Amino acid sequence: MKKLKLFLFTSLSFLVVCSYASALQVTMSNHSTETDAFEALDNWLAITGSSSYQILEDFEGMSNMVNSGQTSIDSSGINATFTAEEGAGQGTSSVDKTDPKIVIRDTNETWGRTSKWDNPSDFGEYYLDSGDVKVVSLNSTLVDNEYTSLFFFLFDVDDNNGSMQVKTTTSGDPSAIQLPGEDLDNGTITFVGLYIEDFDILNPEYLSEITFTMDSANDGWGIDNIGTTPVPEPATMLLLGFGLIGIAGASRKKLFKK
């Protein structure tokens with residue numbers, strides 16, 4: 001009986017220890033073709049332990065906003081809002097040189113954001129453009145969605161002597177990640193994958209905010225195909241716990257019979 005209790009205590013203690021092992025992993029890579037960028041996504045799936053992904057936002061439903069500058073743009077796909085925080089764009093792709101404005105663009109623009117996209121394109125026709133705004137946030141309603149993984153494709157960053165940081169917040173602890181490379185080729189596609197390791201319901205660490213910061217108002221970026229991998233079922237750990245309890249109960253009955 002003592003051995004049985006020790007087994008049950010050790011097993012449940014293991015669950016608790018695992019629950020506090022969460023850590024944010026960040027993957028970033030630059031690519032010269034759309035095909036290579038999507039291959040990076042496939043490789044990232046191995047990190048998340050998933051064999052599939054879901055595109056949450058591709059901006060294809062926002063054709064009515066094309067070339068119309070906005071202070072903020074809501075994304076129903078990820079249930080969050082892109083907001084132009086500060087630093088009005090002064091570059092070729094800016095839509096308002098007085099107030100910070102972001103914009104939905106199509107692939108017919110002329111400044112090269114989509115020059116590396118293959119044809120036919122997996123990115124579709126529309127994407128969100130920073131309008132060369134220096135600080136753009138993807139706001140804290142992300143936390144309500146309990147994302148444990150999120151990926152997206154940036155393009156045309158740092159082709160005009162500007163550099164970028166992607167600042168993420170998990171559990172109130174912000175961390176800034178410098179985008180790899182500098183003076184990238186026009187239209188270079190950057191894959192960014194964010195994954196919270198060892199997620200479970202006992203100690204959730206959710207992605208709560210992402211901030212994109214450029215150090216130049218003459219350089220900008222586009223973003224498209226924001227997605228996630230399947231979220232672990234919250235009941236999984238509880239079921240495992242109940243399973244252990246069930247095993248313990250069955251073992252106890254056998255002991256009494258003996």
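Here is a short conversation about aromatic pairs, nonpolar cores and a sheet in this structure.

Student: What should I know before I start?
Tutor: This is a predicted model, in which local features need pLDDT of at least 70, side-chain atom pairs count only at pLDDT 80 or more, and totals for chains, interfaces and linings use all residues. Residues are numbered from 1 along each chain as its sequence is written, and side-chain values use heavy atoms, with hydrogens and water left out.

Student: How many aromatic pairs are there?
Tutor: Rings of Phe, Tyr and Trp (its six-membered ring) pair if their centres lie within 6.5 Å; planes under 30 degrees apart are stacked, over 60 edge-to-face, and the rest tilted. By this rule, the count of aromatic pairs is 17.

Student: Which class does the pair of Trp-44 and Phe-191 belong to?
Tutor: Trp-44 is in helix α2 (residues 34–48) and Phe-191 in strand β11 (residues 189–197), 147 residues apart; helices (H or I, at least four residues) and strands (E, at least two) are DSSP runs, numbered from the N terminus. The ring centres are 5.9 Å apart and the planes stand at 65 degrees, so the pair of Trp-44 and Phe-191 is edge-to-face.

Student: Is Phe-151 buried or exposed?
Tutor: Buried means under 20% relative accessible area, exposed over 50%, and partly exposed in between (1.4 Å probe, protein chains only). Phe-151 has 0% relative accessibility, so Phe-151 counts as buried.

Student: Which element gives the most to the largest nonpolar core?
Tutor: A nonpolar core is a set of buried Ala, Val, Leu, Ile, Met, Phe, Trp, Tyr and Cys residues joined through side-chain atoms within 4.5 Å. The largest one has 38 residues, and Phe-82 and Leu-154 are among those with the most contacts inside it. Several strands give two or more residues to this core, including β4 (80–86) and β13 (222–228). With 4 residues, the element that gives the most is β12.

Student: How many residues are in the second, separate core?
Tutor: Trp-117, Tyr-127, Phe-153 and Ile-189 are included in this second core. Its number of residues is 15.

Student: Which strands stand at the edges of the open sheet?
Tutor: Two strands pair if DSSP finds at least two bridges between them. Here 6 strands, with antiparallel pairing, follow the order β3-β4-β7-β12-β9-β10. Each edge strand has a single partner, so one side of each is left without a neighbour in the sheet; these strands are β3 (72–75) and β10 (173–178).

Student: What is the bridge partner of Asp-74 in β4?
Tutor: β3 and β4 pair in the antiparallel sense over 4 bridges. In β4, the partner of Asp-74 is Thr-81.
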